[in-house]
Amino acid sequence: MNRIMILAKKELNSYFNSPLGYIVGSVFLVASGWIFMQSFFFYEIASMRSFFSMMPIILIFILPAVTMSSWAEEKKSGTVEVLLTFPLENIQAVLAKFLSAFAFLGALLLMTFFIPLMLIKIGEPDRGVIFAGYLGTLFLGAAYISIGLWVSSIVKNQITAFILSLVVIFGFYIVGSSMLLDSLPPLAVYVGENLSLSTHFNSILRGVLSLKDLIYYMSVVIFFLFLNARAVGERNWR
Amino acid sequence: MIKIENLVKKYDSFTALGGVSLEFKDGEVVGLLGPNGAGKTTLLRILVGFLKPTDGEVEIEGMDIKKPILEQKIKSKIGYLPELAPLYEDMLVGEYLKFVGKMQGVSSDELDKKVKEIISKCGLVEKKNAEIGTLSKGYRQRVGIAQALIHNPKIVILDEPTTGLDPNQRIEIRDLIKEIGKDRTVILSSHILSEVQSTCSRVVIINKGKIVADGSPEDLEKTGKGAVVINMEVDILENNLIERLRSVAGVTDVKAEGNKITIETEKEKDVRAAIAKITVESGAGLLVMERKQTSLEDVFINLTHNENE
């Protein structure tokens, strides 16, 4: 446990030490802030609905940029050989990388807290919905991160990892969209909707936190972290 | 103590190690020598637990590396410097060594002391607060070695620790390895012979995944396949000199090129006096005579070259 935290801390530090961390952070803040402000001044409603509804799309670009280097760069520079010869299980290394990226996402979301604070000051937003929105974003982000980490563990180049993660996450996201499912048989619709990252996120956004959605996100995270540990264990990236 | 028995490693259809058996005793400084692609790195990677063997047994300090329950315990006994000393470029030297110390389980009250110790031992005092990405190759190598030593492991494994260094840096690293080897087992790989000769008490030559020689550098030189060669130069080459030289007992072959004569002889016999006498008797003036002993280099070339054919 201790080693997981040591490694996670080091990884988190490297996000804050690298220009990429700041670029990603700034892009996230500008994009999410801009989307919020636009609807805020247009509709003049004290609500974060537009902010959260755009989160899945913004994070599709942001989180692969966070996770792209985590394994790909270690493999490219060879540091993975040092890392994996520490007295550390593969799954512990994977968990540490997951935790650090998740903490980075947490820090990004923390920086948007000025929005709900401002809304509470000037109006009466539904606090429950805002809370659910942040919680849903954390779940969704955790799923994105686990997919991004897995992709990073099977390729050797950061850019490839970024693009491939983006594609896989986007696939998981649109598989539940009505546009795609309309013409399909009911069983496919059922599977598509239940597999989709967006369906579950939208139900949380409505303020309904069901066990089903929780289990869904947990399963996605565990599944991809497991794949990640397996890919790392196979060491077949020579 | 490391015991390796019939170790096999295959990558798909390529066999990197084809049945290697070896034993490393405590306190030995062993040089693993071989041409590029011989299987040195694969062997080291299996020892440090980075790769799993396809077949065979490896025991480190009496622990079987195949048992998952022992994996972490074995890893903590080993310090490892991979080839090209990969390091986290964005970290500071001191910060990095601290991180590795923590990962290796150095207790927090000892950590600062250990880091300080290793920094001075590896000659990194003035680079303590430098970013690793800005260091020269020699310093990077030192950080890599320091990283392998931070938890005071019983076994230190260094993969090509001096590759890419200039001669001065090489000597420095060589001295450092000698110092490290005083109180622990060191296994290092290299394709530079002088290196191994000057630092190691034992040399294992590996080629195409197989051990082709094993012994002290001196032993290997003695048992080398190459013969003793005498190079000679005369002022005039009388007609029958070559024939007469061939008839000397102990001479196995004589070749002439212009006035230069190369004589191959059996190792045990020193035939220089007899050759000189015959040469002068033939009426030629003896200008140069030089006896060349086989070096470790000849042994290496012989062993690895023959195998390649």
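Colleague: How far does helix H5 of chain B reach from its first C-alpha to its last?

Modeller: This is a predicted model, where local features need pLDDT of at least 70, side-chain atom pairs count only at pLDDT 80 or more, and totals for chains, interfaces and linings use all residues. Residues are numbered from 1 along each chain as written, chains are lettered from A and ligands numbered from 1 in written order, and side-chain values use heavy atoms, without hydrogens or water. Helix H5 (a DSSP run of H or I, at least four residues; strands are E, at least two; both numbered from the N terminus) spans residues 137–149 of chain B. At 1.5 Å times one less than its number of residues, 18 Å is expected, and H5(B) comes close to that with 19 Å.

Colleague: How many of the 13 residues of H5(B) are buried?

Modeller: Buried means under 20% relative accessible area, exposed over 50%, and partly exposed in between (1.4 Å probe, protein chains only). B:Gly138, B:Val143 and B:Leu149 are among the buried ones. H5(B) is mostly covered, and its buried count is twelve.

Colleague: Which helix of chain A helps to cover them?

Modeller: Cover here means contact (heavy atoms within 4.5 Å). Chain B supplies strands E6 and E7 and helices H3, H4 and H6. From chain A comes helix H4 (79–83).

Colleague: Which turn residue between E12(B) and E13(B) has a positive phi?

Modeller: These strands pair (at least two DSSP bridges) in the antiparallel sense over six bridges. One bridge joins B:Ala256 to B:Ile261. Two residues separate the strands of this hairpin, and the phi of about 65 degrees belongs to B:Gly258.

Colleague: Is A:Leu187 buried or exposed?

Modeller: A:Leu187 lies in helix H10 (residues 186–195) of chain A. Its relative accessibility is 65%, so A:Leu187 counts as exposed.
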